[in-house]
Amino acid sequence: MNLSKSRFIKGMQCQKLLWLLAHKKDAISPPSKEQEQIFSIGNEVGELACELFPNGARISFDDGISHNAKRTKELLDSGVSVIYEATFIYEGIVVMVDILQNTPQGLIINEVKSSTSVKEVYIYDLSVQHYVITHCGYSIKEANLIHLNTDYKRGESLDLTRLFVSVPCLKSVQEFTPKIPTILSDFSEILETKNEPNIDIGLHCDDPCSCEAKPYCWEVQRNIKGEDSIFNLAWLKSDKKLELYRQGILRFSDIKDMDTLSYKQILQVECFKQKSVHIQKDKIKEFLGSLSYPIYHLDFETFQLAVPKFVGTCAYEQIPFQFSLHIQHKDGKLEHKEFLAKSGVDPRSDLIKTLLDSIPQNAFILAYNASFEKGVITRLATSFPQYEKELLHIASQIEDLMTPFGSRHYYHYKQNGSHSIKVVLPALVPQMESAYKELNLVHNGGEAMECFAALESMPKETQEEYRKALLAYCKLDTLAMVEIIKALEKLVG
């Protein structure tokens, strides 16, 4: 059947996807930057996990599947105890085992994931390996899922035995494996048909991950796109949106019973239909009246590492590396302070010192989506107890600029149900509509995170260019907050 392990997993998500991959590859979207980053992290974690089982024999990807399967058999027959990327083929189904242990009692399959828990899809992954390997005549002693352990905090050196958790999964695998022949029969039938399967969209389009054929199935085939798509209705769960879709309600204009919607949803629909702006001046005045000048507008940028690099950090911990601080005075005077860490070193201590030097004891601090900034500071206080009192005091002083937008005291139809600063700014301050688009190199938090993590490996000139871009991006975030305050003040007179 020429079916790889990854194709089997995709087929478990959606048989139509399996057919498209075989017969209509132009319907498949290329991987996004985020997906490529996930693949890269997975490779890094997989390589590191091999060190838990040292001195193994490695099967090369470059030698071809048939050669690799033959080489795997030779290594097993000669008694090699550990093989990385051991390859097996049974009736056209190919599996490669991340780390295979060869013991007198049987083989041990070790599947490595860069996630932090066991997921159902990983059982499918292990099961198809179990199915193929047993049909190749081998006995399976264990089937384990190795993943990252977020409870482990790094010391001076990395302890791999604590960084990784190995979860025995053989029982779950043995329960699922008997279902595989029927599944494969269904796959074979789907793949042999010339006609594209008539499978409707559903929750499976994003479970366990966003399908690479989703733009084709949703936008091209069903025209599910546009600001008035029912799937753009905010604060409505995916299953409820799909329920409306199956009732033939595809656009806001199709909604007949508004009583089933919440206040915020009704507001989104009505404002879109009328191309209007909703303003509650009394509530906005109340919010503005709660502010004290000078206002310290604060924004952090953080990055995450799957493998903790700094003492006291754990897998995927959000580590702040940058902040911007705009100080807005009542008379219109504006000051700016900023911090951007050096690459390759733990940024937290220097960031804390600069932050404490930049913000006075009883400053009035404003952040957009303040729970994020408070969370960053609270984690810093836990990791650096010598600064705990000052940091927790700063966290207690932070108020949220998102409040009037999250509460819908202001809502512009161009926000499309969102109240993120990236949509509020152009709606409320039209002259800044293209501000983020016009930035160089770094345009959003995801790019900032990816950029800082990569700085260390860049040539010096490129590194300086990206550092300037990071500073410009973070500075814009707090400048946007200043402009939002000015626009709100102008709205209410």
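**View 1. Trp 218 is a buried residue, with a relative accessible area of 9%.** Here, buried means under 20% relative accessible area, exposed means over 50%, and partly exposed lies in between (1.4 Å probe, protein chains only). This is a predicted model: local features need pLDDT of at least 70, side-chain atom pairs count only at pLDDT 80 or more, and totals for chains, interfaces and linings use all residues. Residues are numbered from 1 along each chain as its sequence is written, and side-chain values use heavy atoms, with hydrogens and water left out. The model has 15 aromatic pairs, a pair being rings of Phe, Tyr and Trp (its six-membered ring) with centres within 6.5 Å; planes under 30 degrees apart are stacked, over 60 edge-to-face, and the rest tilted. Trp 218 and Phe 231 make an edge-to-face pair, 4.7 Å from centre to centre with 65° between the planes. Trp 218 belongs to helix α9 (residues 214–220) and Phe 231 to the loop between α9 and α10 (238–246), so this pair ties together parts that are 13 residues apart in sequence. Helices (H or I, at least four residues) and strands (E, at least two) are DSSP runs numbered from the N terminus. Phe 231 is buried too, with a relative accessible area of 15%.

**View 2. Phe 252 and Phe 272 meet as an edge-to-face aromatic pair.** Their ring centres are 5.7 Å apart, and the planes are at 90°. The two rings link distant parts of the chain, as Phe 252 is in the loop between α10 and α11 (263–274) and Phe 272 is in helix α11, 20 residues apart. Are these rings buried or exposed? Phe 252 counts as buried at 2% relative accessibility, and Phe 272 is buried with a relative accessible area of 14%.

**View 3. Lysine charges sit over aromatic rings at Trp 218 and Phe 272.** A charge sits over a ring if NZ of Lys or CZ of Arg is within 6 Å of the ring centre and within 35 degrees of the ring normal. The charged end of Lys 214 is 4.4 Å from the centre of the Trp 218 ring. Lys 275 places its charged end over Phe 272, 3.8 Å from the ring centre. Trp 218 also belongs to an aromatic cluster with Phe 231 and Tyr 245.

**View 4. Helix α11 has 12 residues.** From first C-alpha to last, α11 reaches 16 Å, close to the 16 Å expected at 1.5 Å a residue; the expected span is 1.5 Å times one less than the number of residues. Which residues of α11 are buried? They are Gln 265, Leu 267, Gln 268, Val 269, Cys 271 and Phe 272. Among the elements covering these buried residues are β8 (277–279) and β14 (410–412). Just after α11 comes Lys 275, whose phi is positive, near 50°.

**View 5. Gln 328 is in strand β10 (residues 319–328).** Gln 328 is buried, with a relative accessible area of 5%. Its side chain makes a polar contact of 2.7 Å with the side chain of His 297. A polar contact is a pair of N or O atoms within 3.5 Å; within protein, one must be able to donate a hydrogen and the other to accept it, and residues adjacent in sequence count only if both atoms are side-chain atoms. Leaving out residues up to four places away in sequence, Gln 328 also touches others, including Tyr 293, Leu 334, Val 482 and Lys 486; contact means heavy atoms within 4.5 Å.

**View 6. Arg 348 is in helix α13 (residues 348–358).** At 3% relative accessibility, Arg 348 counts as buried. What does the side chain of Arg 348 join by a polar contact of 2.8 Å? The partner is the side chain of Asp 346. Residues touching Arg 348, not counting those up to four places away in sequence, include Phe 310, Glu 317, Pro 320 and Phe 384.

**View 7. The largest nonpolar core has 70 residues.** A nonpolar core is a set of buried Ala, Val, Leu, Ile, Met, Phe, Trp, Tyr and Cys residues joined through side-chain atoms within 4.5 Å. Leu 298, Tyr 368, Leu 428, Leu 470 and Ile 484 have the most contacts inside this core. Helix α19 (residues 460–492) gives the largest share of the core, 11 residues. A second, separate core has 39 residues, among them Val 95, Tyr 122, Val 132 and Leu 191. Apart from neighbours within four places in sequence, the contacts of Leu 298 include Phe 323, Leu 355, Ile 377 and Met 481.
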